[in-house]
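Ready for some practice in reading a protein structure? Take a look at the model below, then try each exercise before you read its solution.

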Amino acid sequence: MNEVLLQLKLATQELHDLTEQHAHAAQIRAGTLTRSQYETLLSKNYHIHTHLEEAIQSSPAFPEIQDFFLTRTPWLEQDLKHLHLPPKTFFPPASLNFNQIPQLIGALYVVEGSMLGGRMIAKLLQRQAEFTDCKAFHFYEGKGAATKNRWKVFATLAEKYITTSEEQTAAKTAAIQTFQFFLSVYQN
């Protein structure tokens, strides 16, 4: 792990752990996630990613990072449609602004990292009898096998663009705000 990602990890570890707790990580690992919990997770993730993507996509265009302005909402919409659930948002979003590359790196650290974890979640859900009717877990499967390589490219960009202590502070602050946004939705 490069130094930039290590610093982001250290700055957000407590929030990461708390977010996982509220996103039913223990139940997913134990194979005890209920259908209702899964549906709620998808709905909450739809809310989170709708607003995060809007904030990220409204940022100034930074060509190399543009490839990371992914949209996970179509994946969520596919999963919600399979479950016959309408996409919805829960409440107005937090004020999220990512106007500088370090802020984008911080926000994308959370989003891209969650995509890595999503691959593991998809595999665990596929083993659970509760979800045998789910042919795919689009949101959690993400970019499939390309997810790991995508993370490596992101790590290289993070190291390239975060070179000063001020930039590192801006990235950490954005990552913390992004985790706090995830947590605020999961807790409601």
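**Exercise 1.** How many residues does helix H8 have, and what distance does it reach from its first C-alpha to its last?

*Solution.* Keep in mind that this is a predicted model. Step one: helix H8 covers residues 146-161, which gives 16 residues. Step two: from first C-alpha to last, H8 reaches 23 Å, close to the 22 Å expected at 1.5 Å a residue.

**Exercise 2.** Which residues of H8 are buried, and why do they line one face of the helix?

*Solution.* Start with the cut-off: a residue is buried when its relative accessible area is under 20%. In H8 this holds for Thr147, Arg150, Trp151, Phe154, Ala155, Leu157 and Ala158. Now look down the axis of H8: the buried residues fall within an arc of 165°, so they line one face. Finally, turn to the face away from this buried side, where you will find the exposed residues Lys148 and Thr156.

**Exercise 3.** Where is histidine 138, and which residues does it touch, not counting those up to four places away in sequence?

*Solution.* First, find histidine 138 in helix H7, residues 138-141. Next, list its contacts: Trp75, Gln78 and Asp79. Then check one of these partners: aspartate 79 is 59 residues apart from histidine 138 along the chain, yet their C-alpha atoms are separated by 6.3 Å. Last, histidine 138 counts as partly exposed because its relative accessibility is 27%, between the 20% and 50% cut-offs.

**Exercise 4.** Which residues form a nonpolar patch on the surface with Leu6?

*Solution.* Begin with leucine 6 in helix H1, residues 3-22. At 32% relative accessibility, leucine 6 counts as partly exposed. Its patch partners are Met1 and Leu10, and together the three have about 330 Å² of accessible area.

Terms used: Residues numbered from 1 in each chain as written. Predicted model: local features only at pLDDT ≥ 70, side-chain atom pairs only at ≥ 80, totals over all residues. Heavy atoms only, no water. Helix = DSSP H or I, 4+ residues; strand = E, 2+ residues; numbered from the N terminus. Expected span 1.5 Å × (residues − 1). Buried < 20%, exposed > 50% of the residue type's maximum accessible area, 1.4 Å probe, protein only. Arc of directions from axis to C-beta. Contact = heavy atoms within 4.5 Å. Patch = residues over 30% accessible without salt bridge, like charges linked within 9 Å, V, L, I, M, F, W, Y side chains within 5 Å. Areas by Shrake-Rupley, 256 points an atom, 1.4 Å probe, with all protein chains shown as cover. Salt bridge = Lys/Arg side-chain N within 4 Å of Asp/Glu carboxyl O.
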